[in-house]
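Hello,

Here is the structure I promised to pass on to you. Have a look at it first, and then read my notes below.

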Amino acid sequence: MPLINENFLKLKTGYLFPEIARRVKAFTESNPDAAKRLIRCGIGDVTEPLPEAVRYAMHEAVDEMGVRDSFHGYGPEQGYEFLRKAIATNDFQSRGINIEADEIFISDGSKCDTGNILDIFGKGNKIAITDPVYPVYVDTNVMAGNTRDADEKTGAFGGLVYMKCSPRNGFVPPVPKKKVDLVYLCYPNNPTGAVATREQLTVWVNYAREHGSVLLFDAAYEAYIQDPAIPHSIFEIEGARDCAIEFRSFSKNGGFTGVRCAFVVIPKTLMGTTKAGAKQSLHALWSRRHSTKFNGASYIVQRGAEALYTDEGKSQVRALIEHYMGNATLLVKACKKAKLKVYGGANAPYVWVRCPEGVTSWQMFDKMLNEANVVITPGAGFGSAGEGWFRISAFNSRANVEEVCRRIAEIK
Ligand code: MLT
């Protein structure tokens with residue numbers, strides 16, 4: 001028998017969202033009536049139809065594929081030039097950010113990108129994550145063997161540096177006292193819905209440059225930023241080209257969770273080092289990795305993503321964001337009215353809520369499921385600092401969110 005990767009055995013439970021789905025399935029099977037009125041505000045999965053501009057572009061691309069002269073087989077592993085250019089121009093250069101099309105790598109999702117990026121980093125790096133955190137960052141490090149076992153009580157994995165986030169620091173951690181090599185930051189934040197200011201991000205960039213660290217900056221939710229003072233990209237901060245990788249996704253802005261398209265930005269100026277101290281380009285390593293392990297996102301999908309940057313596409317994305325942010329505003333209001341302490345929901349599609357005194361986050365999950373027939377995400381699933389909190393996703397229809405608000409008011 002082949003030996004297995006025993007790092008997987010360090011993971012105590014299933015991945016958070018399948019685990020929630022499993023519990024919800026068990027509940028709905030034994031409560032068929034409640035199942036009929038169930039509303040899912042757990043996983044941050046979009047609900048509204050794909051923008052029309054995207055659908056037209058994808059239809060056209062399908063037709064092209066039906067003609068020999070315009071048929072596309074394997075595409076460039078790093079992505080088609082038309083999409084990389086549209087991204088560079090619209091997401092970066094139009095904001096005065098110096099990012100070129102060939103520093104952008106198209107993929108089929110940010111979950112894969114944030115996990116796969118570990119391929120290009122060696123063993124023995126000191127890795128910092130926020131707590132609470134998007135669980136992919138932790139689990140993929142466990143799988144890659146970058147951690148020791150989990151602590152029985154807290155669930156924290158040995159070897160990782162956990163940076164506690166709470167209302168006290170606005171859910172943006174201070175830089176560590178000691179040097180770390182890799183730091184995962186996600187702003188607007190999943191799960192807390194917090195944002196990081198230009199000043200806070202500048203402190204992080206300065207820290208990273210001083211210590212030779214790399215910031216792995218997940219900006220999947222940047223389209224939800226309402227406050228014009230908040231940076232949309234880490235590359236808005238001076239010096240970030242020398243110390244940051246950015247992850248972006250079309251899932252939450254263009255409604256692509258089921259279509260799959262995302263991208264990673266790695267500046268050519270960004271370096272890692274060999275054990276012997278020789279500098280190596282991380283851009284070159286990722287490009288090499290992409291060419292070997294990935295054959296590119298589908299042509300049809302990339303044409304769809306390109307359409308998000310047309311005038312129609314942009315206005316349709318704006319409408320989607322307005323819709324989900326309208327939901328977030330309603331949820332925040334309903335929680336406040338129910339005398340719950342609530343954060344987020346102002347520049348992000350997640351509302352982060354304190355559980356009532358003495359109620360754990362999984363107890364709150366059960367309570368919401370049993371009493372309100374609403375699925376939320378228990379904060380503990382995002383790390384030990386998430387205990388005592390729960391997350392409500394604003395990704396839903398308006399009617400469902402209004403109903404959730406009514407049910408929150410009835411929770412005892
Ligand atoms: C979430 O609910 O945290 C997200 O939908 C997960 C994801 O984007 O993979």
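Let me start in a loop: Arg260 is found in the one between strand 7 and strand 8 (262–265). Please keep in mind throughout that this is a predicted model. Arg260 is not a glycine, and yet its phi is positive, at about 75 degrees. Is Arg260 buried, partly exposed or exposed? With a relative accessibility of 31%, Arg260 falls between the 20% and 50% cut-offs, so it counts as partly exposed.

A positive phi also turns up at Lys339, again in a residue other than glycine, with a value near 65 degrees. Lys339 sits in the loop that runs between helix 10 (311–337) and strand 11 (342–344). Its relative accessible area is 75%, and exposed means over 50%, so Lys339 is classed as exposed.

Strand 7 itself covers residues 244–249, and Ser249 belongs to it. Ser249 has a relative accessibility of 8%; the limit for buried is under 20%, which is why Ser249 counts as buried. The side chain of Ser249 reaches the backbone nitrogen of Ser251, at 2.9 Å. Setting aside residues up to four places away in sequence, Ser249 touches Ser110, Ala220, Cys261 and Ala262.

Now to the overall layout. The domain assignment splits the protein chain into domain 1 (6–49 + 312–410) and domain 2 (54–310). How many residues does each domain bring to the contact between them? Domain 1 supplies 36 residues and domain 2 supplies 47. Taken over C-alpha atoms, the centres of the two domains are 25 Å apart.

The ligand is probably what you will want to look at next. Which residues are around it? They are Phe17, Ile43, Gly44, Tyr134, Asn190, Tyr221, Lys252, Tyr350 and Arg391. Both domains take part in this shell, since at least three of its residues come from each of domain 1 (6–49 + 312–410) and domain 2 (54–310). Sorted by class, the shell holds 5 nonpolar, 2 polar and 2 charged residues.

Several distances to oxygen atoms of the ligand may be handy for your setup:

- Gly44 has a backbone N or O atom 2.6 Å from a ligand oxygen atom.
- Asn190 places a side-chain N or O atom 2.8 Å from a ligand oxygen atom.
- Lys252 has a side-chain N or O atom 2.9 Å from a ligand oxygen atom.

On its own, the ligand has 270 Å² of accessible area, and the protein covers 85% of that.

Asn190 deserves a second visit, as the peptide bond that joins it to Pro191 is cis, with omega about 20 degrees. Pro191 lies in the loop between strand 5 and helix 7. Where is Pro188? Pro188 is in the loop between strand 5 (182–186) and helix 7 (198–211). A cis peptide bond joins Pro188 to Tyr187, and omega there is about -5 degrees.

Two further residues are worth a look, one buried and one exposed. Ala128 lies in strand 3, which spans residues 127–131. Its relative accessible area is 0%, and under 20% means buried, so Ala128 belongs in that class. Leaving out neighbours within four places in sequence, Ala128 is in contact with Val161, Met163, Val180, Leu182, Val183 and Tyr184. For Ala128 and Tyr184, a separation of 56 residues in sequence goes with 6.4 Å in space, C-alpha to C-alpha.

Lys279 is found in strand 10 (residues 279–281). Is Lys279 buried or exposed? Its relative accessible area is 66%; exposed means over 50%, so Lys279 is exposed. Not counting residues up to four places away in sequence, Lys279 touches Met271, Gly272 and Thr273. Between Lys279 and Ala61 there are 42 Å, C-alpha to C-alpha, and the two are 218 residues apart in sequence.

That is everything from me for now. Enjoy exploring the model!

Best wishes

Technical notes:
Residues are numbered from 1 along each chain as its sequence is written. This is a predicted model: local features need pLDDT of at least 70, side-chain atom pairs count only at pLDDT 80 or more; totals for chains, interfaces and linings use all residues. Side-chain values use heavy atoms; hydrogens and water are left out. A residue is near a molecule or strand if one of its heavy atoms lies within 4 Å of it. A polar contact is a pair of N or O atoms within 3.5 Å; within protein, one must be able to donate a hydrogen and the other to accept it, and residues adjacent in sequence count only if both atoms are side-chain atoms. Accessible areas come from the Shrake-Rupley method with a 1.4 Å probe; for residues, only the protein chains shown count as cover. Ala, Val, Leu, Ile, Met, Phe, Trp, Tyr, Cys and Pro count as nonpolar, Asp, Glu, Lys and Arg as charged, and the others, Gly among them, as polar. Domain bounds come from an automatic or database domain assignment. Helices (H or I, at least four residues) and strands (E, at least two) are DSSP runs, numbered from the N terminus. Buried means under 20% relative accessible area, exposed over 50%, partly exposed in between (1.4 Å probe, protein chains only). Contact means heavy atoms within 4.5 Å.
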